[in-house]
Amino acid sequence: MDTKLTAAIEILKQNNLKITQQRQTLIQIMTQHENKYIDVTKVDEQMRTYYPKMSHNTVYRNLKEFESIGLVEQIIQGEHAQVKYQCDVTQQHHHHFICTNCGKVEEIEMCPLDFFERQLPGYQISGHRFELYGLCADCAQKQQA
C-alpha cells in the first residue's frame, strides 16, 4: 500500500472516521494531484467515474472532513473551490507559492506572522493564510523563450 495512503488512513483512524473504499479512492485521487490544487468539481467527476451513484454531497462532505483533520487544504480561486492533498500532514502550518500558469504548488518555509504581529500590539490573531502567486521557474523560462 502507498505510504501516503497508509499515513492518511492512520489519520482517519486517529480521528475516528471509517476507512471506506470511497475514502481510500478519494485519498488516492488527491495524492495524484499532490503538487497542485484541483477544482473540487474535477475531484467529484473523478470520484463519480469509480462510484457513479455517489452523490455530490458525499464527495464534498468527505473533502470538508479531510480538511478539518488536515489531510486536505482548500482555497477559493474566483468562484471555484480548489483542494490539494496536504504536503506534510505532520506540519499543518505552512504557506505556498502557486504558479498561475500550470498550477504547480511549492511550499514556503518562512512564515511572515511575526512581522504582522509586531504591527498589531494587543491584537489576538486567530489564524492566517499566506500564498504567493506568479510563474514557476519552468513557466517563466518557457514564457521568455
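**Notes on a predicted model**

1. Let's start with a cysteine: Cys 139 has 8% relative accessibility, so it counts as buried (buried is under 20% relative accessible area, exposed is over 50%, and partly exposed is in between, with a 1.4 Å probe and protein chains only). A word on the model: it is predicted, so local features need pLDDT of at least 70 and side-chain atom pairs count only at pLDDT 80 or more, while totals for chains, interfaces and linings use all residues. Residues are numbered from 1 along each chain as its sequence is written, and side-chain values use heavy atoms, leaving out hydrogens and water.

2. How many disulfides are there? The count is 0, taking a disulfide as a pair of cysteine sulfur atoms within 2.5 Å. Cys 139 is in none, and its nearest cysteine sulfur, in Cys 136, is 3.6 Å away. Why is Cys 99 not bonded to Cys 102? Because the sulfur of Cys 102, the closest cysteine sulfur to that of Cys 99, is 3.7 Å away, which is too far for a bond. Cys 99 is also buried, at 2% relative accessibility.

3. Cys 99 and Cys 102 turn up again in the lining of the second largest pocket, along with residues including Lys 36, Tyr 37, Gln 82 and Tyr 133. That pocket holds about 170 Å³ of space. Its lining splits into 5 nonpolar, 5 polar and 1 charged (Ala, Val, Leu, Ile, Met, Phe, Trp, Tyr, Cys and Pro are nonpolar; Asp, Glu, Lys and Arg are charged; the others, Gly among them, are polar). On a 1 Å grid over the protein atoms alone, a pocket is an open set of points with protein on both sides within 12 Å along at least five of seven lines, a cavity is a set where a 1.4 Å probe fits but cannot get out, and lining residues have an atom within 4 Å of a point. Points are joined across faces, edges and corners, and a volume is the space filled by probe spheres set on them.

4. What about closed spaces? The whole structure has 1 cavity of 30 Å³ or more, and the largest cavity has a volume of about 40 Å³. Its lining includes Arg 23, Met 47, Met 54 and Asn 62, with at least two residues each from helix 2 (21–32) and helix 4 (56–68). Helices here are DSSP runs of H or I with at least four residues, and strands are runs of E with at least two, numbered from the N terminus.

5. Now the sheet. It is open, with 3 strands in the order 1-3-2 and antiparallel pairing (two strands pair if DSSP finds at least two bridges between them). Strand 1 (38–39) and strand 2 are the edges, each pairing on one side only. Strand 2 (residues 72–77) joins strand 3 (residues 80–85) through 6 bridges, while strand 1 and strand 3 share 2 bridges. Gln 82 of strand 3 is the bridge partner of Ile 75, and Asp 39 stands opposite Gln 82 as well. The hairpin of strands 2 and 3 has 2 residues between them, and Gly 78 in the turn has a positive phi of about 65°.

6. Last, the packing. The largest nonpolar core has 24 residues, and Met 30, Val 43, Leu 63, Leu 71 and Val 83 touch the most other members (a nonpolar core is a set of buried Ala, Val, Leu, Ile, Met, Phe, Trp, Tyr and Cys residues joined through side-chain atoms within 4.5 Å). Helix 1 gives this core its largest share, 5 residues.
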